[in-house]
Amino acid sequence: MVVGGGTAGCVLAARLSQDSNVRVLLLEAGAEQGPADTLNDVAMWDSPVDWAYRSTPQRGLDEVVVAIPRGKVLGGCSTINSLAHLRGHRSSYDTWEEAGATGWNNDTLLPFLKGSETAVGMDPRWRGTDGPMVLGLGPPAEAGSFYHATYRAALDSGYRRSPDGNGEHIEGIARTEFNIVNGARQSATEAYLRPALGRPNLTVRTGVTARRLVLTRGRCTGVEYTTGDDTHTARARRDVVVTAGAIGSPQLLMLSGIGPAQHLRDLGIDVEHDLPGVGQNLHDHPFAHVSFSTRKPLDDGGAPDPPHIVARSSPTAAPDLQFVFVHFPMPTRSPSDRFERWGSSQWAPRQVHGYSVTFSLLRPRSRGSVRLLSRDPASAPLIDPGYYADPRDLDLMVTALRHARRLGLAGALAPWRLAELAPVEVTDERSLREYARLATTPFGHFVGTCAIGTGPRAVVDPHLRVQGVDGLRVADASVMPSIVAANTHATVVAIAERAASMLT
Ligand SMILES: Cc1cc2nc3c(=O)[nH]c(=O)nc-3n(C[C@H](O)[C@H](O)[C@H](O)COP(=O)(O)OP(=O)(O)OC[C@H]3O[C@@H](n4cnc5c(N)ncnc54)[C@H](O)[C@@H]3O)c2cc1C
């Protein structure tokens, strides 16, 4: 039984049902499909296919409440995300093993990263050749176009080229791969689940919300779920794998009495197993931008080939910064906005034309949490990403801001640039820090709330089994002990691929 039909759930359901001796039931709270315009990610945020969560007021962001989009639809976040396909630097996987996730490192994950993809024209030592996700680069940006100039801007700013941003050396300037095939979104549903839907041993149920795991004498034997006003129980003959994502998985565990005992007792939930790490260690890449106005819109023919840059904040650091060029000015919160919508309304077409350079911190130290507001499964959890809880993260974001500004002001972009839009004429350290906090939004890469490990804060063991409960595993973004130095989707797919191999 696979609970949560998002990125990881689709991968698991497809892989497990390859064995005709196994019966697989996939339960998903959301609808079977998203809207017809599959590429317009922003339009899907705050829509019926988004859980549309809100954070707790963020102390590091002037008490602002940020929007937390999470896919509520088959494919989960892979149906509403921004489609960039990126792997982390090897050191960000090796860190997992160093922190106690025995057997989880770059070398052990590489076969699953490769097995998930078909990367056309890339070095097969590092890239997959026959996996379900078909990746490729768009046609190179035309000479004289904005995106063509961004490569020059990056080179002139001192970064070197990487031949493949998902290959042996991900550091530097690389063309960005997307989960787009023939102009359409390639969600985990499309890449993995749809080809498996005809199998008689696979049942997929949508519009079904798990409200509690059924535990019998220390073993998970099924799931209680609701469809509309009705409550039912599905019984598992073998394993239950929770793949409800970095917010949904700890929420379901805690609703089932698995989590920090005192928190559960405070809410009147019977404690089945005291597991202090459940819902702790929530983190994301903080994400911000600088932007510049131009005389006219930069649409680049509708097929941009944007570079992204992976860099180090200092020569001794592991790669910890990411920059991306964007051909429009990103919206910036004004100091009086107490609530930041990361929804479509904020992204409405603007009067001002321009471009942005986004920057994010790939190895944040800040940690937050997911807790329950009440024992009612229908109430949204309390989500505290804890942005800048560790002040060193803000220091590094200011470093990143300086780099991003230098990129945006590069001579190669002078023919397009009119003026700086955000931040405007800010140079002193205090103002730069203020701007970095003002411009910070979630990146949507939440991880860590059911971390793999062996210590007291670990939730799952290296086989992804929930500590102290038989027959129950978690296998999604929540199991990453620390965030990878890249956008998270490709890594979640690889984790689910590995989980499937552990179960078969
Ligand atoms: C706006 C946004 C943009 C992003 N852009 C990128 C990008 O460009 N590149 C990239 O690499 N990553 C990106 N990401 C991150 C990436 O998409 C996620 O890390 C990844 O998809 C998470 O996969 P998951 O399986 O852990 O969770 P999800 O994909 O969120 O799946 C969880 C599923 O469980 C379901 N569920 C939850 N609770 C229950 C319940 N109680 N009962 C039944 N079902 C339940 C949910 O509806 C959902 O379908 C983005 C994320 C967001 C939100």
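This is a short walk through one predicted model, starting with a sheet and ending with a few single residues.

Okay, ground rules. The model is predicted, so local features need pLDDT of at least 70 and side-chain atom pairs count only at pLDDT 80 or more, while totals for chains, interfaces and linings use all residues. Residues are numbered from 1 along each chain as its sequence is written, and side-chain values use heavy atoms, with hydrogens and water left out.

Let's start with the sheet. It's an open one with 6 strands, in the order 8-21-22-24-20-27, and the pairing is antiparallel. When I say strand, I mean a DSSP run of E with at least two residues; a helix is a run of H or I with at least four, and both are numbered from the N terminus. Two strands pair if DSSP finds at least two bridges between them. At the edges you have strand 8 (172-175) and strand 27 (417-422), each pairing on one side only. On average, neighbouring strands here are turned by 25° against each other, direction ignored. For the angles, axes are lines fitted to C-alpha atoms, for helices over the stretch in contact, and values run from 0 to 180 degrees between N-to-C directions.

Now, how many bridges hold strand 20 to strand 24? There are 8, with the two strands antiparallel, and Thr294 stands opposite His353 of strand 24. Strand 22 joins strand 24 through 6 bridges, again antiparallel; there, Val324 faces Thr358. Strand 21 (residues 307-311) pairs with strand 22 (residues 321-326) over 4 bridges, also antiparallel, and one of the partnerships is Ala311 with Leu321.

What packs on this sheet? Helix 5 (residues 146-156) touches strand 8, strand 21, strand 22 and strand 24 (353-361), and its direction makes about 150° with that of strand 22. Contact here means heavy atoms within 4.5 Å. Then there's helix 9 (residues 391-408), lying across strand 20 (287-294), strand 21, strand 22, strand 24 and strand 27, at about 145° to strand 24. Strand 24 itself is mostly covered, with 8 of its 9 residues buried. Buried is under 20% relative accessible area, exposed is over 50%, and partly exposed is in between, using a 1.4 Å probe and protein chains only.

On to the aromatics. The whole structure has 9 aromatic pairs. The rings are those of Phe, Tyr and Trp (its six-membered ring), and they pair if their centres lie within 6.5 Å; planes under 30 degrees apart are stacked, over 60 edge-to-face, and the rest tilted. Take Phe146 and Tyr355: they're tilted, 5.1 Å centre to centre with 45° between the planes. That pair links helix 5 to strand 24, across 209 residues, and both Phe146 and Tyr355 are buried. They also belong to one aromatic cluster, together with Tyr147, Phe292 and Trp416.

Another pair is Tyr159 with Phe323: the centres are 6.2 Å apart and the planes are at 45°, so this one is tilted. Tyr159 sits in the loop between helix 5 and strand 8, and Phe323 in strand 22, 164 residues apart. Tyr159 is buried at 11% relative accessibility, and Phe323 is buried at 1%.

Two charges sit over rings, if you're collecting those. Lys72 has its charged end over Trp51, 4.5 Å from the ring centre, and Arg498 lies over the face of Trp104 at 4.2 Å. The test is NZ of Lys or CZ of Arg within 6 Å of the ring centre and within 35 degrees of the ring normal.

Next, helix 7 (residues 245-255). Why call it largely enclosed by the rest of the structure? Because 11 of its 11 residues are buried. After helix 7 comes Gly257, with a positive phi near 90°.

Last stop, two single residues. Arg473 is in strand 28 (residues 472-474) and counts as buried at 12%. Leaving out residues up to four places away in sequence, Arg473 touches several others, among them Asp239, Val242, Met502 and Leu503.

Ala485 is in the loop between strand 28 and helix 11 (489-503), buried at 1%. From Ala485 to Leu361 is 8.3 Å, C-alpha to C-alpha, with their positions 124 residues apart in sequence. Beyond four places in sequence, the contacts of Ala485 include Arg87, His89, Pro319 and Arg363.
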